[in-house]
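This report goes through selected features of one protein model. The sequence and structure come first, and the notes follow.

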Amino acid sequence: GKYKVFIIDEVHMLSAAAFNAFLKTLEEPPSYVIFILATTEKHKILPTILSRCQVYDFARMTIQNTVDHLAYIAQKEGYTAETAALNLIAQKADGGMRDALSILDQMASYSNGQITYERTLENLNILDSEYYFRVTDMALKNDIPAAVLLLDEVIGRGFDPGHFIAGLASHMRNLLVAADPKTLPLLETSDEQRARFQAQAKQCPVRFIYSAIRLCNECDLNYRQSRNKRLQVELCLIEMAQLTEGADAPGSGRSPITILKPIFERLASGMGAQSSPQAAAAPQGAQQPAPVRPATAAAPTAAQPSPTVQTSRAPSRSINRVSIARPSLAPGKTAAAPQAEETVQAVVAPSVAPQDTQQEIDAETLSTCWRQYAASLPQEHKALATRMLGIAPRLLSGTSFAIEVPSDLVAQEFNKFKRSIEQSIAAQARISILSMTVNVQAPLEAATAISKTDIYQQMIADNPELELMRQAFDLVIV
């Protein structure tokens with residue numbers, strides 16, 4: 001009763017004029033008045049105001065502090081609460097004790113004072129962290145089908161895929177924190193969960209955690225703009241499940257340098273065994289040629305100039321530098337193969353020993369090999385791969401095919417990779433010779449605007465009596 005307390009919330013939002021008017025009262029306040037200025041941005045308060053105040057900084061409440069206070073309240077009120085359930089409530093409150101107390105009161109009402117972990121998950125609509133531990137184990141085992149099926153289970157329970165990928169990113173961050181004892185105090189969770197994070201972090205390579213966090217972050221950014229949101233999350237899980245494969249290592253850029261690999265067995269392996277009569281006629285003891293990937297180096301053929309090959313340090317890739325020329329193409333004409341003027345990098349297929357008799361390629365095999373070549377292109381040729389997936393090759397004969405491109409510039413780009421495409425598809429189809437022709441589509445004739453007068457003149461030419469009727473009734477063309 002002796003003091004009057006005035007609390008001004010978010011004082012930093014007051015204007016300069018309001019500060020100046022308040023400054024006089026603050027300098028000489030009545031003896032019975034106490035002003036409490038509350039703000040979350042102390043640096044925005046004028047120094048003249050701040051110098052006349054006693055500053056008390058309130059730190060953010062940690063999850064452990066919130067859990068301890070909730071446990072005290074539950075004991076005082078006669079509730080039975082599991083520690084894991086209180087941890088969920090504290091995480092949901094996100095540092096706000098008032099929100100934590102409100103949630104605790106709701107959970108006590110729903111469960112008749114028996115606050116369990118399962119009921120808290122159900123009532124707060126929180127996805128169980130067990131899913132994130134499971135999907136991480138699946139990614140470490142390269143089990144892509146199981147990861148996709150787990151996502152379907154999560155969606156079937158009514159959770160949004162974007163909510164799942166955001167939680168997975170937080171889980172990967174917690175694994176990164178738990179991997180080093182120095183950063184372990186940053187992990188705000190229960191002792192039981194902390195032990196689980198430490199155990200799983202020991203199984204995860206650090207590079208895997210870095211790349212997984214990067215993939216989840218990119219998926220979260222692209223999720224809002226994607227039309228097929230579920231596919232966006234599935235692709236993220238597929239790439240994540242391929243990070244620990246021994247042949248490829250994650251890169252240091254925005255995404256791993258490895259391309260997206262097929263989930264199931266490559267079609268090329270089965271196709272070579274079914275479509276090759278020589279393979280069927282060969283004895284059982286003979287060795288079959290191994291499946292060939294379409295993106296490795298090839299030796300130059302006798303019909304073409306010998307290119308200069310520079311082998312990179314990577315064990316499974318090499319760079320072939322070919323000198324070509326940029327021909328001037330007329331619309332509708334066939335694009336010629338490049339000559340020797342410009343140095344480019346191309347992906348060339350390996351040379352494969354020809355079969356005893358020449359084989360022919362069919363339209364279905366050509367389309368499959370065409371798509372596989374596009375998928376095998378590295379990240380720096382992603383634009384060409386996108387164009388290839390939008391073009392359907394047209395089979396001309398058993399050893400030749402043609403493609404239609406919209407412009408001379410695109411034709412020049414395909415001619416740079418002409419030899420690589422031919423050798424790659426020929427290697428996959430088990431044929432010795434294959435040629436590709438690049439055609440430029442003829443431009444469409446521009447439509448000319450036709451006036452109403454021209455239309456009427458055409459109508460008169462078809463029916464001359466129409467003009468007589470117009471004159472008789474004194475009509476006007478509108």
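## Asn217 and helix α11

N217 is found in helix α11, which spans residues 206-223. The model is a predicted one. N217 has a relative accessible area of 45% and is therefore partly exposed, since the partly exposed class lies between the 20% and 50% limits.

In sequence, N217 and L168 are 49 residues apart. In space, their C-alpha atoms are 9.7 Å apart.

## Overall make-up

The protein has 478 residues, and 36% of them count as buried. Its secondary structure consists of 20 helices and 11 strands.

The accessible surface of the protein is about 29200 Å². Carbon and sulfur atoms account for 53% of this surface. Among contacts between residues at least 6 apart in sequence, 67% join residues at least 24 apart.

## Helix α6

Which residues of helix α6 are buried? In this helix, residues 117-124, the buried residues are Y117, T120, L121 and L124. They lie on the same side of α6, because they cover an arc of only 100° around the axis.

The buried residues of α6 pack against three elements: α4 (83-93), α5 (97-111) and β4 (114-115). The face turned away from the buried side of α6 carries E118 and E122, both of which are exposed.

## A nonpolar surface patch

V5, I7, I34 and I36 make a nonpolar patch on the surface, with an area of about 350 Å². Two strands, β1 (4-9) and β2 (33-38), each supply at least two residues of this patch.

One of the patch residues, I34, lies in strand β2. The relative accessible area of I34 is 37%, so I34 is partly exposed. Patch members must have over 30% relative accessible area, a cut-off that I34 meets at 37%.

## Cysteines

How many disulfides are there in the model? The count comes to 0, the rule being that a pair of cysteine sulfur atoms must lie within 2.5 Å. In general, a disulfide is a covalent bond between the sulfur atoms of two cysteines.

Is C369 buried or exposed? C369 has 0% relative accessibility and so counts as buried. C53, in turn, counts as partly exposed because its relative accessibility is 27%. The limit that matters for both residues is the 20% below which a residue is called buried.

Methods. Residues numbered from 1 in each chain as written. Predicted model: local features only at pLDDT ≥ 70, side-chain atom pairs only at ≥ 80, totals over all residues. Heavy atoms only, no water. Patch = residues over 30% accessible without salt bridge, like charges linked within 9 Å, V, L, I, M, F, W, Y side chains within 5 Å. Areas by Shrake-Rupley, 256 points an atom, 1.4 Å probe, with all protein chains shown as cover. Salt bridge = Lys/Arg side-chain N within 4 Å of Asp/Glu carboxyl O. Helix = DSSP H or I, 4+ residues; strand = E, 2+ residues; numbered from the N terminus. Buried < 20%, exposed > 50% of the residue type's maximum accessible area, 1.4 Å probe, protein only. Arc of directions from axis to C-beta. Contact = heavy atoms within 4.5 Å.
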